[in-house]
Amino acid sequence: FERASKTGLIPWNPVSLQNDQLVESSSVRSLEVWEIQGLLLATRILDWRTCIYIGFYTACQLVDAAYRRWNDLVQDEAGRTYLTLPANQRRDEKKVLVHPALLDHFNSLPRCNEFICPTLAKLERWTADNHFSQIVLSAKLEKGVTFRCLRHTFARLVGLPIKRLDTAGPEAPLALPDIRVPPLPCQLPGINQK
């Protein structure tokens, strides 16, 4: 209805998203900040840390987080950095404002090829979930924690039902807390220059 009213196919949207609550039907739960930090600390692989940060701060799916390229980071006229997420069957291309903590993390990364997470980009897409499951085990979190939990956490923290996450504005990530954990040695100044 929303798309039809915007394109002029119908004169107005008969669904009031302000008043009509959508029932949550997913069994995926949101995580607490300490659980996400546990995931970050459970891996010593920089690309997985980066992927988790991207998932938390952009609410994108694992496949979108793992296969982002450096040229997906764009700046507007005001110098604000956005991460472009490609269109898929469910959504149009989307630009998400990069949270300052995520931008600092991006700036600490080595750039060895066009991918932000080069070792993850080498993975077959169907194996990435299994790799993430190993991080969940290392973090000693309960069974059932998947990368999709990061989307649900994002939705909860910005105050949207998961089914309406597509209505989040590009600045929604700025409402999220700083969840950074201590950097890995390869992120420290001077290490990347050698």
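Which residue follows α8, and what is the sign of its phi? The residue that follows α8 is Gly159, and its phi is positive, near 80 degrees. This report describes a predicted model, and it moves from helix α8 to the sheet, then to a buried arginine, and finally to the salt bridges.

## Helix α8 and its surroundings

Helix α8 covers residues 148-158, and its buried residues are Cys149, Leu150, Arg151, His152, Thr153, Phe154 and Ala155. These buried residues pack against two other helices, namely α2, which covers residues 33-42, and α3.

A residue of the loop between α3 and α4, Gln61, is also in contact with this region: leaving aside neighbours within four places in sequence, Gln61 touches Phe147, Arg148 and Arg151. Gln61 counts as partly exposed because its relative accessibility is 24%. The C-alpha atoms of Gln61 and Leu85 are 10.0 Å apart in space, while the two residues are 24 places apart in sequence.

## Positive phi outside glycine

Most residues other than glycine have a negative phi. Against that background, two residues of this model can be pointed out. Ala59, in the loop between α3 and α4, has a phi near 65 degrees, which is a positive value in a residue other than glycine. Lys140, in the loop between α7 and α8, likewise has a positive phi, near 60 degrees. As for their surroundings, Ala59 is buried, with a relative accessible area of 3%, whereas Lys140 is exposed, with a relative accessible area of 73%.

## The sheet

How many strands form the open sheet, and in what order? Three strands form it, in the order β1-β2-β3, and their pairing is antiparallel. The edge strands are β1 (73-75) and β3 (94-97), each of which pairs on one side only. From one strand to the next, the twist averages 40 degrees.

Strand β2, residues 81-85, is joined to β1 by three bridges, and four bridges join β2 to β3. Between β1 and β2, Leu73 stands opposite Leu83 and Val74 stands opposite Tyr82. Tyr82 also has a bridge partner in β3, which is Leu97. Strands β1 and β2 form a hairpin with five residues between them, and in its turn Gly79 has a positive phi of about 85 degrees.

In a regular strand the side chains alternate between the two faces of the sheet. In β2, Thr81, Leu83 and Leu85 point one way, while Tyr82 and Thr84 point the other way, and all are buried. Because five of the five residues of β2 are buried, this strand is largely enclosed by the rest of the structure.

## A buried arginine without a salt bridge

Arg49 lies in helix α3, which covers residues 46-58. Although Arg49 is buried, it has no salt bridge, and the nearest side chain of opposite charge, that of Asp47, is 11 Å away. Which backbone oxygen lies 2.8 Å from a polar atom of the Arg49 side chain? It is the backbone oxygen of Leu40, and the backbone oxygen of Thr43 lies 3.3 Å from a polar atom of the Arg49 side chain. Not counting residues up to four places away in sequence, Arg49 touches several residues, among them His105, Val181, Pro182, Pro183 and Leu184.

## Salt bridges

Side chains of opposite charge can pair when their charged atoms come close. A search of the whole structure finds ten salt bridges, and the table gives some of them.

| Residue pair | Closest N to O distance |
|---|---|
| Glu114 and Arg69 | 3.2 Å |
| Arg180 and Asp104 | 2.9 Å |
| Asp166 and Arg164 | 3.7 Å |

Glu114 lies in the loop between α5 and α6 and Arg69 in the loop between α4 and β1, so this pair ties together parts that are 45 residues apart in sequence. Glu114 is partly exposed, with a relative accessible area of 43%, and Arg69 is also partly exposed, at 33%.

The salt bridge between Arg180 and Asp104 links distant parts of the chain, with Arg180 in the segment after α8 and Asp104 in helix α5, 76 residues apart. Arg180 is partly exposed, with a relative accessible area of 36%, and Asp104 counts as partly exposed at 41% relative accessibility.

In the remaining pair of the table, Asp166 is exposed, with a relative accessible area of 53%, whereas Arg164 is buried, with a relative accessible area of 14%. Finally, Arg29, Glu35 and Glu142 are linked in a network of salt bridges.

Notes. Residues are numbered from 1 along each chain as its sequence is written. This is a predicted model: local features need pLDDT of at least 70, side-chain atom pairs count only at pLDDT 80 or more; totals for chains, interfaces and linings use all residues. Side-chain values use heavy atoms; hydrogens and water are left out. Two strands pair if DSSP finds at least two bridges between them. Axes are lines fitted to C-alpha atoms, for helices over the stretch in contact, and angles run from 0 to 180 degrees between N-to-C directions. Buried means under 20% relative accessible area, exposed over 50%, partly exposed in between (1.4 Å probe, protein chains only). Lys and Arg count as positive and Asp and Glu as negative; His and the chain ends are not counted. A salt bridge is a side-chain nitrogen of Lys or Arg within 4 Å of a carboxyl oxygen of Asp or Glu. A polar contact is a pair of N or O atoms within 3.5 Å; within protein, one must be able to donate a hydrogen and the other to accept it, and residues adjacent in sequence count only if both atoms are side-chain atoms. Contact means heavy atoms within 4.5 Å.
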